[in-house]
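Hi,

Here is the structure I promised to pass on. Have a look around first, then read my notes below with the viewer open.

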Amino acid sequence: MGTHVIKMPDIGEGIAEVELSVWHVKVGDMVVEDQVLADVMTDKAMVDIPSPVHGKVIALGGEPGEVMAVGSILISIEVEGAGNANAKDVPVAKEAPKAAPTVEAKPAPVVESRPAPVVTAQAPVARDADERPLASPAVRKHALDAGIQLRLVQGSGPAGRILHEDLDAYLQQGAPKASTPANPYAERNDEEQIPVIGMRRKIAQRMQDATRRAAHFSYVEEIDVTALDELRVHLNEKHGATRGKLTLLPFIVRAMVVALRDFPQINARYDDEAQVITRLGAVHVGVATQSDVGLMVPVVRHAEARSLWGNAEEIARLASAARTGKASRDELSGSTITLTSLGALGGIVSTPVLNLPEVAIVGVNRIVERPMVIKGQIVIRKMMNLSSSFDHRVVDGMDAAQFIQAIRGLLEQPASLFLE
């Protein structure tokens, strides 16, 4: 028997170190070739690390949250034959911490992204009362609303992470719900500490960097989207069955594309170290998307060359890939301007943070029906705010206002979206 050492691979793009995010195996597990061993986090995306050999895991080279250099030892596997390791290359056995439970090792094909979980009915899991299973804030709220004790739910996500599908499967089994406290006004003194690692760490770093380096300013404009929504409903009734349903987002993307023709300084990236502004002809729209692991920004490439339905289809595809962890590094990089929307939760106004090195982000707030005065008459209209932010080092206030006003004009007169 020998030892095969797997070192942290060079993922490319000049990356010298990455963060170990999740182990999918533990010491003592038997693994097969092409099985995903761990996920590592770069500045842009989560990357799977597969096994090149069959064997038994004898040592882990790091713990979730640890930043590891490219070329450092990631994992050691006992294999038939001589292996590839010298004695000095074999690290001391290090198991994954209890706070990050691992999933049972299973064969898996090599793919650029994680497969979607397959949820099956399972018996309640026995966890310690103080053990905190892995789950996103959205899943925890779902469990709280449904009265489910998360420590009893089997997770099917990476490292045993509990997903919405797991809660649904648990409820379908007629699982016991958490009991309501006898006194809802009883004092609580419990607290929990949550390590900032993985995607959450990257989001925190990027947001902090953006607010520190860019000279943010925001501009809010009110838009009457009554005619636009009527057009959307009409198109869905006529073509929805064959071309797919339209939301407002592809219309807004189209308006951004058209407006940017007159404001090329807004479709740009700013390298503040080299003091160079790069204006781009291609409009690669990043669409901010919430996932179980945090905020991700998949990119609709060449939105200027896509039809209304083409953009709609690509937005839906990328959003699904981001939410299920299947978005590739290429799909999460290269945007020139970002669109962010909280949908029905969009509020009245927001101050979105720039997605550096971009110089503009367009934020969409929710649609509300309000009485408006038009030609001396009070009528009910559908109103929506655009809350957008710009980098004042590159974009002047007047240019930002005129750009949003151009979008407003296109959306309020939606036929103009398609005039060339």
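Let's begin with the whole chain: buried residues make up 45% of the 420 residues in the protein chain. Keep in mind as you read that this is a predicted model. The protein chain contains seven helices and 18 strands. If you take the contacts between residues at least 6 apart in sequence, 66% of them join residues at least 24 apart.

**The open sheet and helix H3**

Start with a sheet of four strands. It is open, the strand order is S5-S4-S2-S7, and the pairing is antiparallel. Which strands stand at the edges? They are S5 (46–50) and S7 (67–69), and each has a single partner strand, so one side of each is left without a neighbour in the sheet. From one strand to the next, the twist averages 45 degrees.

Now zoom in on one pair. Strand S4 (residues 36–41) runs antiparallel to S5, and five bridges join the two. If you want a spot to click on, Asp39 stands opposite Asp48 in S5.

A helix also packs on this sheet: H3 (residues 198–213) touches strand S2 (17–23), S4 and S7. The direction of H3 makes about 145 degrees with that of S2.

Gly198 is a good residue to look at here, as it lies in helix H3. Is Gly198 buried or exposed? Its relative accessible area is 4%, and the cut-off for buried is under 20%, so Gly198 counts as buried. Leaving out residues up to four places away in sequence, Gly198 touches Glu19, Ser21 and Met41. Gly198 and Ala45 are 153 residues apart along the chain, yet their C-alpha atoms are separated by 9.9 Å.

**Strand S8 and its partners**

Next, find strand S8 (residues 73–79). Five of its seven residues are buried, so S8 is largely enclosed by the rest of the structure.

What pairs with S8? Strand S1 (residues 2–7) runs antiparallel to S8, with six bridges joining them. In that pair, Gly2 stands opposite Val79. Strand S6 (residues 55–60) pairs with S8 as well, in the antiparallel sense and over four bridges. There, the bridge partner of Val57 is Ile77 in S8.

**The hairpin of S10 and S11**

Strand S10 (residues 268–271) is a nice one for seeing side chains alternate. Ala268 and Tyr270 point to one face and are buried, while Arg269 and Asp271 point to the other and are not.

S10 pairs with strand S11 (residues 276–279) in the antiparallel sense, over four bridges. Asp271 has Val276 in S11 as its bridge partner. The hairpin has four residues between the strands, and Gln275 takes a positive phi near 55 degrees.

**Helix H5 and the helices it packs against**

Two packed helices are described by the angle between their axes and the distance between the axes. Try that on H5 (residues 249–260) and H7 (residues 397–412): they pack at an angle of about 130 degrees, with their axes 9 Å apart. H5 and H7 are therefore oblique to each other. H5 passes H7 in a right-handed crossing.

Who meets whom? From H5 come Phe251, Ile252, Ala255, Met256, Val258, Ala259 and Leu260, and from H7 come Phe403, Ala406, Ile407, Leu410 and Leu411. By class, the residues of this contact are twelve nonpolar, no polar and no charged.

H5 also packs with helix H6 (residues 308–323). Their axes come within 9 Å and cross at roughly 120 degrees, and H5 and H6 are therefore oblique to each other. The crossing of H5 and H6 is right-handed. On the H5 side the contact is made by Leu249, Pro250, Phe251 and Val253, and on the H6 side by Leu308, Asn311, Ala312 and Ile315. This contact of H5 with H6 has seven nonpolar, one polar and no charged residues.

**One last residue**

Finally, go to Asn236, which sits in helix H4 (residues 226–243). At 8% relative accessibility, Asn236 counts as buried. Residues up to four places away in sequence aside, Asn236 touches Ala241, Gly244, Lys245 and Leu246.

Happy exploring!

Conventions:
Residues numbered from 1 in each chain as written. Predicted model: local features only at pLDDT ≥ 70, side-chain atom pairs only at ≥ 80, totals over all residues. Heavy atoms only, no water. Axes fitted to C-alpha atoms, helices over the stretch in contact; angles between N-to-C directions. Parallel < 35°, antiparallel > 145°, perpendicular 65-115°, else oblique. Left-handed = near helix turned anticlockwise from the far one by under 90°. Contact = heavy atoms within 4.5 Å. Nonpolar A, V, L, I, M, F, W, Y, C, P; charged D, E, K, R; others polar. Pairing = 2+ DSSP bridges. Buried < 20%, exposed > 50% of the residue type's maximum accessible area, 1.4 Å probe, protein only.
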